[in-house]
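Please open the model in your viewer and keep the sequence panel beside it, since each stop on this tour begins with a selection.

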Amino acid sequence: MASLLLSVSGAMVTTTSSSSSFVQGQPATRTLLALRKVGLKAGRGRGTVTAMATYNVTLITPAGKKNVKCGADEYILDAAEEMGIDLPYSCRAGACSSCAGKLVSGSVDQSNQSFLDDDQISEGWVLTCIASPTSDVVIETNKEEELA
C-alpha cells in the first residue's frame with residue numbers, strides 16, 4: 001500500500017507518494033489528469049502536486065452565455081474547447097485577431113500576444129487564444145469585425 005504525505009502551506013498543496021500513482025490502482029497519467037480537473041497541477045518532482053488558481057470565465061457568445069472553469073495557467077480558448085464550446089481562432093499564437101473578444105469584467109494575462117497595441121488592451125480587447133484569467137472574467141466573444 002502506498003503512503004501519502006500531504007502538506008499545505010498557503011496556496012500550495014504538496015503530496016508525496018511512494019508509488020508512481022497515489023490513487024491506488026490508477027496509472028500516474030490518469031491520476032494527474034483527474035487532479036487537473038479539480039484545480040491541481042503536477043509538479044516536477046515525483047509525486048508532487050501543486051494547487052493552481054481556477055477562475056470562472058463567462059463567455060458571451062452569439063449562441064448565449066457559456067460558463068467555463070479555467071486555470072490560471074490555461075488559455076481561455078483551450079478551456080472553452082475542452083467544454084465543447086466552439087470559438088473562432090486562427091493562429092493560436094496571439095498574432096492575429098480571429099479570436100478577439102471584449103473584456104466586460106475581470107482581468108487576464110495576455111502578455112505573450114503580439115497583435116494588440118496598448119490602447120486596444122486598455123479598451124478591453126482580449127485574444128482568447130493567448131489569454132489566461134487572473135480573476136473571474138466575463139468576455140464577449142466573436143468580436144473580430146468590431147476590432148478592425
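Which residues does T141 touch, not counting residues up to four places away in sequence? Select T141 in this predicted model, and display with it L59, I60, T61, P62, L87, A100 and G101, which are the residues that T141 touches once those up to four places away in sequence are set aside. T141 itself lies in the loop between β11 (137–140) and α4 (144–147), and because its relative accessibility is 7%, under the 20% cut-off, it counts as buried.

From T141, move to G101, one of its contacts, and select strand β7 (residues 100–105) together with strand β9 (residues 125–127), which pair in the antiparallel sense over three bridges. Within this pairing, G101 has V126 in β9 as its bridge partner. Next add β11 to the selection: β7 and β11 run antiparallel and are joined by three bridges, and here L103 stands opposite I139.

Now return to L59, another residue that T141 touches, and show its surroundings, where, leaving aside neighbours within four places in sequence, L59 is in contact with G64, K65, K66, V68, I76, A80, I85, L87, I139 and T141.

The last stop is the largest nonpolar core, which has 23 residues, and of these V57, L59 and I76 touch the most other members. To see where this core comes from, colour β5 (54–61), β6 (64–71), α2 (76–82), β9 and β11, each of which supplies at least two of its residues; α2 gives the most, with four residues.

Methods. Residues are numbered from 1 along each chain as its sequence is written. This is a predicted model: local features need pLDDT of at least 70, side-chain atom pairs count only at pLDDT 80 or more; totals for chains, interfaces and linings use all residues. Side-chain values use heavy atoms; hydrogens and water are left out. Buried means under 20% relative accessible area, exposed over 50%, partly exposed in between (1.4 Å probe, protein chains only). Contact means heavy atoms within 4.5 Å. Two strands pair if DSSP finds at least two bridges between them. A nonpolar core is a set of buried Ala, Val, Leu, Ile, Met, Phe, Trp, Tyr and Cys residues joined through side-chain atoms within 4.5 Å.
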